[in-house]
Amino acid sequence: MIERVKNRLRKRSGKNRIKQRLIIFSVLVALLLLLALFSEKLCPYDPAQQNFAIALEPPGPAHLFGTDRYGRDMLSRVLVGAHISIFSALILVAVITAAGSLIGVAAGYAGGKLDAVVMRISDICLAFPGLIFALAIAAVLNGGVENAVIALAAVSWPKYARLSRSQTLAVKQSDYIQAARLAGNTPVQMILRHILPNIMGQILVTAMLDIGTMMMEIAALSFLGLGAKPPTAEWGSMMSEGRSMLQTYPWVVLTPGIGIFISVALFNLLGDTLRDYMDPRNRRETVKNS
Amino acid sequence: MKKKIMSGLLILVLLIVGITGCGSQQRSDETGSSGDEEGQKTFVFGDTTFNAENGEPDINPHNDNSGWACIRYGVGETLFRFNDEMEMEPWLAESCENVDEYTWKIVLREGISFTSGRVMDAEAVKECLEDLVKNHPRAAENLSIAEITAEDMTLTIRTSIPVPALINYLADPYGCIYDVQAGVTEEGIVQGTGPYRAVSLTTDSEMELVKNENYWNGEPKIDKITVRTISDGDTLTMALQSGEIDAAYGMPYASYPLFENDNYTFTSCETSRVFFGAMNFESPVTSDPAVRKAIAMGIDKEGFVETLLGGNGYPAAGVYPDNVSFGGDVVSAESYDPEGAKQVLEEAGWVDTDGDGIREKDGTSLVLRWLTYPSRQEQPLLAESAQATLGEIGFQVEINNTADHNRIRTDSDAWDIYVSAMVTAPTGDPEYFFKYHCLDSSSNNDGHYHSDRLEELAQEMAKTFDADKRAELAIQMQKVILDDNAYVFCSHLRMSMISKANVTGLTAHPCDYYEITVDLDIE
């Protein structure tokens, strides 16, 4: 009896901890997004303004993150870089989640030839190493952040298509789906009203976990010169520009690097916590507790 | 029991990792430079420019710019060379006589053999020069050779037109003399007369050299040399720090402070290499004289040199550096004057009508497509610096920094200004730059610049033998292109090589041709 009570208490406190973590990480991510959204207003200096007289100044009161080789304020550039790096990753994840999920659900629901064709196309996309494939596409498109996002979207959607297809196949035979079909719903209504809402949880968790990865991949393309073009401040391109100064003027590389690290860590932690929170075992426990 | 097994496995894994680590350390010591390995002196040189992108896929001097690699790494030598004051002196040749406007008699030095074993005589040199003009369009155009006759050690060259700078052209890296009968290997290796002989070559990777035991001008001190192509500046930095290489060419300026100590030696000198932009006269933007003038006034050369090059150069006014009589301050160019540039544009009708910071005229935005390439580390820096300073004037500068520049620059619809780094007086004579960049017939005049006056002066220079008169013509020609703002010269480069402190005899030369010589040694 005592053991059962202890177990129940332990599970309840575990659930509470997850809830607390979810709130904390959600607040931190919200703060990060606000920071990125209003970065231009928060910049102490013009991020593109060059001033050779103060080139490569170490971090100090006037320039908290120091200056780069052109005398540009690193704090301002990191802040503006946050806007580009974070929102381009968010747009990318939104696009691949929406497109991949719709394609996957349609293929899973329709089955037959459509399913076979879509899955073979996704197989082809998955057969290439993702980043290398994206590099090739970005190079053909002549670089730039927009083209980097397009390139990564072109190689990343199959993951969501496969996930949503398998989820669709799992729920397609459920009684409530059969009932909805008998009630006269069209295929589009079936997908939008009955299937998508039931598989969205898993897809959202995956998308949340992907934000960090996509941010890193956009930064990687920029680092290799196929993302943001000068003088655009983007964390990957800033690291690339400053990489020859890692030993001599480390702040030029470390400050955008820390920006990437913190953002990716926060999105990953939020994604992990969200996954824990939406875990059916924890949810059952919540229902029982209530 | 399980714990014991796990502990045992863990120890085993750690041992394997440890042994593997020691093994790889040993290998890295073996592959790294050692100076003295099994009684043999070895030397490893890292270079950012020995690659196909720079037109140096191998060391065949008759192939594109590969002569640079041939002469720099001690494989080939030319009939004449430059001394430290950039004056001509005989090298494989002993003397030279200009018989008449069309005829040159060159007496070769005795006792020189190719690394193939063949003796270098007039016949061998004749074969080499004939092969050169057959395969190297620039050399053929420069030398304009009509006929070569060889007799024992005397070579007589007859040209189809007067070529006053023939001796200078023969000192160009393409003029390296090699044994044509021994041929060129598939890797692009030739048998020259230099202190070292190439034994293997992989384009864009590395080349192995061994000493030429029969070298004519002293005994080479290094037994084995490896030249590594390291295109990335950071990799080059770490390679020198770790001791993987003994010396480096093309070190990023940001890395210089790491080597400014007793463990390393810098060798530097000013060269005739200039960073300059060529305007596209077919572009609706840069065909406007006011725009070209504004560009010339809108680039902060001082800031570029002092800050971004770390003082490793000096602002350029004209084509040539200070160390030649027709260079330096003999001409003047537009100085950095952003306010003046704005006024020039305003007067020409370039006005920012929509308040976006970019000027427009007749519906055309003042967008400047800046084409450059990354293999010279200074160029992306210049591009980004100019992007900011020209941006303040009302330009929108779009940078295309690409290794594919040689293809793109031939398409005059694809760029407005092409910025490159060229040695402007590789032969110590002023004719070269104009001949290849500025005239109607110039192979590098991709912007299609034309000036009647310049064409006249070029024709006059082509038949002028007197050095002082040639210098005076060069000054006038510079004034013409500067008045037209057809080119904007940003800075001349101070070239540096960095080596470990125990390396001696590695000395920077103003012409940038001679690096690995017989004097190279490692203690």
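Student: How many residues does each chain give to the contact between chains A and B?

Tutor: Two residues are in contact if their C-beta atoms, placed from the backbone, lie within 7 Å. Here 15 residues come from chain B and 15 residues from chain A. This is a predicted model, in which local features need pLDDT (the predictor's confidence in each residue, from 0 to 100) of at least 70 and side-chain atom pairs count only at pLDDT 80 or more, while totals for chains, interfaces and linings use all residues. Residues are numbered from 1 along each chain as its sequence is written, and chains are lettered from A and ligands numbered from 1 in the order in which they are written.

Student: Which elements of chain B give two or more residues to the side that touches chain A?

Tutor: Helices (H or I, at least four residues) and strands (E, at least two) are DSSP runs, numbered from the N terminus. On the side of chain B that touches chain A, the elements giving two or more residues are α6, α7 (256-259), α9 (301-308) and α11 (378-393) of chain B. Of these, α11(B) supplies the largest share, 4 residues. For the complex, the predictor gives an ipTM of 0.76 and a pTM of 0.79.

Student: Where is confidence lowest in chain A, and where is it highest?

Tutor: The mean is lowest, at 56, in helix α11 (residues 280-289) of chain A, and highest, at 95, in α3(A). Chain A averages a pLDDT of 89, with 95% of the residues scoring at least 70. For chain B the average is 91, and 93% of the residues score at least 70. Residues 17-32 of chain B have a pLDDT below 50, and beyond near neighbours in sequence this stretch has 2 contacts in the model.

Student: What elements make up chain A, and how many of them are there?

Tutor: Chain A has 11 helices and 0 strands. Its C-alpha trace spans about 75 × 60 × 30 Å along the principal axes. Among contacts in chain A between residues at least 6 apart in sequence, 71% join residues at least 24 apart.

Student: Which helix of chain A has 8 of its 8 residues buried?

Tutor: A residue is buried if 20 or more other C-beta atoms lie within 10 Å of its own, exposed if 12 or fewer, and partly exposed in between; C-beta atoms are placed from the backbone. The helix is α9 (residues 235-242) of chain A, which is mostly covered; A:Trp235, A:Met238 and A:Met239 are among its buried residues. Its cover includes α3, α8 (187-223) and α10 (251-278) of chain A. Over chain A as a whole, buried residues make up 39% of the 290 residues.

Student: Why is α9(B) described as largely enclosed by the rest of the structure?

Tutor: Helix α9(B) is so described because 6 of its 8 residues are buried. They include B:Phe304, B:Val305 and B:Leu308, and among what covers them are β14 (313-315), α11 and β20 (487-500) of chain B. Just after α9(B), B:Gly310 takes a positive phi of about 60°.

Student: Is B:Ser242 buried or exposed?

Tutor: B:Ser242 is exposed, because 11 other C-beta atoms lie within 10 Å. This residue lies in helix α6 (residues 233-242) of chain B.

Student: Which residues have the most contacts inside the largest nonpolar core?

Tutor: A nonpolar core is a set of buried Ala, Val, Leu, Ile, Met, Phe, Trp, Tyr and Cys residues joined through C-beta atoms within 7 Å. The largest one has 130 residues, and A:Leu152, A:Ile218 and B:Phe489 have the most contacts inside it. Helix α3 (residues 74-110) of chain A gives the most to this core, 16 residues. Not counting residues up to four places away in sequence, A:Leu152 touches A:Leu92, A:Ala134, A:Met214, A:Glu217 and A:Ile218. Another core, of 74 residues, lies apart from the largest one; B:Trp104 and B:Tyr169 are among its members.

Student: What is the strand order in the open sheet of 4 strands in chain B?

Tutor: Two strands pair if DSSP finds at least two bridges between them. The order is β5-β6-β8-β7, with antiparallel pairing. Strands β5 (93-100) and β7 (145-151) of chain B are the edges, each pairing on one side only. From one strand to the next, the twist averages 15°. Strand β7(B) is joined by 6 bridges to β8 (residues 154-159) of chain B, and B:Ile148 stands opposite B:Ile157 in β8(B).

Student: Which helix packs on the sheet?

Tutor: Axes are lines fitted to C-alpha atoms, for helices over the stretch in contact, and angles run from 0 to 180 degrees between N-to-C directions. Helix α3 (residues 122-135) of chain B packs there, touching β6 (103-108), β7 and β8 of chain B, and its direction makes about 160° with that of β7(B).
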